[in-house]
Amino acid sequence: MSIVAFLHAAIVVTDLERASHFYGEVLGLPIVERNLKFAGIWYQAGAVQLHLIADETIIDDLINADKWGRNRHLAFAVADLEEMKTKLLAQGYPFQLSASGRSALFVRDPDGNIIELNQAS
């Protein structure tokens, strides 16, 4: 028996409307239809899905406030990192550039989940 594919990652958010703005409008992820009875939104990111699950409680497990990339995070490749920087700043989302010097940044969603954005090659 072996794993044949990575299907999705799920994160918890407290406010679906606010999270939808970040993931759908700011990051530009397309919504995937879902037919479940609990609150959530599914997004497609290449071959993998991101599942947002609504809950009233978020556990902030930030262990390194100085270097967001050294915490639990998800990573996405973007077509134009410079354009994404401009969009994040215009929307009021602070970010940290990768300390490694790579063409990447780290941003926190409205609930504090850390997202890494890398320049696609």
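In this predicted model, the buried residues of helix H1 pack against strands E1, E3, E4, E7 and E8 and against helix H2. H1 spans residues 16-26, and its buried residues are Ala19, Phe22, Tyr23, Gly24 and Val26. In an α-helix, residues three or four places apart point the same way, because there are 3.6 residues a turn. H1 lies across E1, E3 and E4. With respect to E3, H1 runs at about 10°.

Both ends of H1 have local features of note. At the N-terminal end, Asp15 acts as the cap. A side-chain oxygen of Asp15 lies 3.0 Å from the backbone nitrogen of Glu17. Just after the helix, Gly28 takes a positive phi of about 80°.

The strands that H1 lies across, E1, E3 and E4, belong to an open sheet of four strands. The order is E1-E4-E3-E2, and the pairing is mixed. E1 and E2 stand at the edges and have a single partner strand each, so one side of each is left without a neighbour in the sheet. E2 pairs with E3 in the antiparallel sense, over two bridges. Val32 stands opposite Trp42 of E3.

Trp42 also takes part in a contact with strand E4. The partner is His51, which is placed in E4. The side chains of His51 and Trp42 make a polar contact of 3.4 Å. A second polar contact, of 2.8 Å, links the His51 side chain to that of Gln49. His51 counts as buried because its relative accessibility is 8%, below the 20% cut-off. Beyond its neighbours within four places in sequence, His51 is in contact with His8, Ala9, Ala10 and Ile11, and also with Ile41 and Trp42.

Ala39 sits in the loop between E2 (31-32) and E3 (40-45). Its relative accessibility is 40%, so Ala39 counts as partly exposed. When residues up to four places away in sequence are not counted, Ala39 touches Leu16, Arg34, Leu52, Ile53 and Ala54. Of these contacts, Leu16 falls within the residue range of H1. Leu52, Ile53 and Ala54 fall within the range of E4 (48-54). Ala39 and Leu52 are 13 residues apart in sequence, and their C-alpha atoms are 8.6 Å apart in space.

Conventions: Residues numbered from 1 in each chain as written. Predicted model: local features only at pLDDT ≥ 70, side-chain atom pairs only at ≥ 80, totals over all residues. Heavy atoms only, no water. Buried < 20%, exposed > 50% of the residue type's maximum accessible area, 1.4 Å probe, protein only. Contact = heavy atoms within 4.5 Å. Polar contact = N/O pair within 3.5 Å; in protein donor to acceptor, adjacent residues only side chain to side chain. Pairing = 2+ DSSP bridges. Axes fitted to C-alpha atoms, helices over the stretch in contact; angles between N-to-C directions.
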